[in-house]
Amino acid sequence: QVQLVESGGGLVQPGGSLRLSCAASGSIFVINGMGWYRQGPGKQRELVATITRGSSTNYADSVKGRFTISRDNSKNTVYLQMNSLKPEDTAVYYCNAEVLGPSGRRGYWGQGTQVTVSS
């Protein structure tokens, strides 16, 4: 079994910054793609950013230039640096990881961390 644990969410004023972390643990051989998704109030879950094992990145248009995704393969951890936050960034943020383990390859989700941008 694999667990993803997110941290770093909270309340921040517009224009502020937060850094989210997501650490994977358990029966892991290799973690391939990792990513961050979010679900705002009354909205469907949407992609925020993804990163390959080789650190190629992809961002939603709404966060390009403000958010940066990175990862530390030695720690099985993915990060999301969020700058210039806007009220519309308010959402529950979930990390996702494609894990190769003893049972084969499958995707896992974290439990989510709340980010609220408000004055």
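## The overall build

The chain has 11 strands and 0 helices, in a model that is predicted. Read from the N terminus, the elements simply go β-β-β-β-β-β-β-β-β-β-β. The radius of gyration is 14 Å, close to the 14 Å that the globule rule gives for 119 residues, so the chain is as compact as a globular protein of that length.

Along the principal axes, the C-alpha atoms fill a box of roughly 45 × 25 × 25 Å. Buried residues account for 41% of the 119 residues. If you take the contacts with a separation of 6 or more, 54% of them link residues 24 or more positions apart.

## The four-stranded sheet

One part to pick out on screen is an open sheet of 4 strands, in the order E1-E3-E8-E7, with antiparallel pairing. Strand E1 (2-7) and strand E7 (67-72) are the edges, each pairing on one side only. Going from one strand to the next, the twist averages 15°.

Inside that order, strand E3 (residues 18-26) and strand E8 (residues 77-82) are joined antiparallel over 6 bridges. To find your place in this pairing, look for Ser21, whose bridge partner in E8 is Tyr79.

## Strand E4 and its two partners

Strand E4 (30-39) has pairings with both E9 and E5. With E9, E4 runs antiparallel and shares 8 bridges. Gly35 is a handy marker here, as its bridge partner in E9 is Asn96.

With E5, the pairing is again antiparallel, over 5 bridges. Tyr37 has Leu47 as its bridge partner in E5. E4 and E5 form a hairpin with 6 residues between the strands, and Gly42 in this hairpin takes a positive phi near 70°.

## The nonpolar core

Which residues touch the most other members of the largest nonpolar core? They are Trp36, Leu80, Met82 and Tyr93, out of 31 residues in that core. The strands that each supply at least two residues are E1, E3, strand E4 (30-39), strand E5 (46-51), E7, E8, strand E9 (91-101) and strand E11 (113-117). E9 gives the largest share, 5 residues.

Leu80 is worth a click if you want to see who meets whom. Leaving aside neighbours within four places in sequence, Leu80 is in contact with Leu18, Arg19 and Leu20, with Trp36, with Val48 and Ala49, with Phe67, Thr68 and Ile69, and with Tyr93. Trp36 and Tyr93 are themselves among the core residues that touch the most other members.

## Thr113, a polar residue tucked in

Is Thr113, in strand E11, buried or exposed? Its relative accessible area is 11%, and buried means under 20%, so Thr113 counts as buried.

What does the side chain of Thr113 have for polar company? One of its polar atoms lies 3.3 Å from the backbone nitrogen of Gly9. Not counting residues up to four places away in sequence, Thr113 touches Glu6, Gly9, Leu20, Ala91, Val92 and Tyr93. Two names on that list turn up around Leu80 as well: Leu20 and Tyr93 are both in contact with Leu80.

Technical notes:
Residues are numbered from 1 along each chain as its sequence is written. This is a predicted model: local features need pLDDT of at least 70, side-chain atom pairs count only at pLDDT 80 or more; totals for chains, interfaces and linings use all residues. Side-chain values use heavy atoms; hydrogens and water are left out. Two strands pair if DSSP finds at least two bridges between them. Axes are lines fitted to C-alpha atoms, for helices over the stretch in contact, and angles run from 0 to 180 degrees between N-to-C directions. A nonpolar core is a set of buried Ala, Val, Leu, Ile, Met, Phe, Trp, Tyr and Cys residues joined through side-chain atoms within 4.5 Å. Buried means under 20% relative accessible area, exposed over 50%, partly exposed in between (1.4 Å probe, protein chains only). Contact means heavy atoms within 4.5 Å. A polar contact is a pair of N or O atoms within 3.5 Å; within protein, one must be able to donate a hydrogen and the other to accept it, and residues adjacent in sequence count only if both atoms are side-chain atoms. The radius of gyration is taken over C-alpha atoms; the globule rule is 2.2 Å times the number of residues to the power 0.38.
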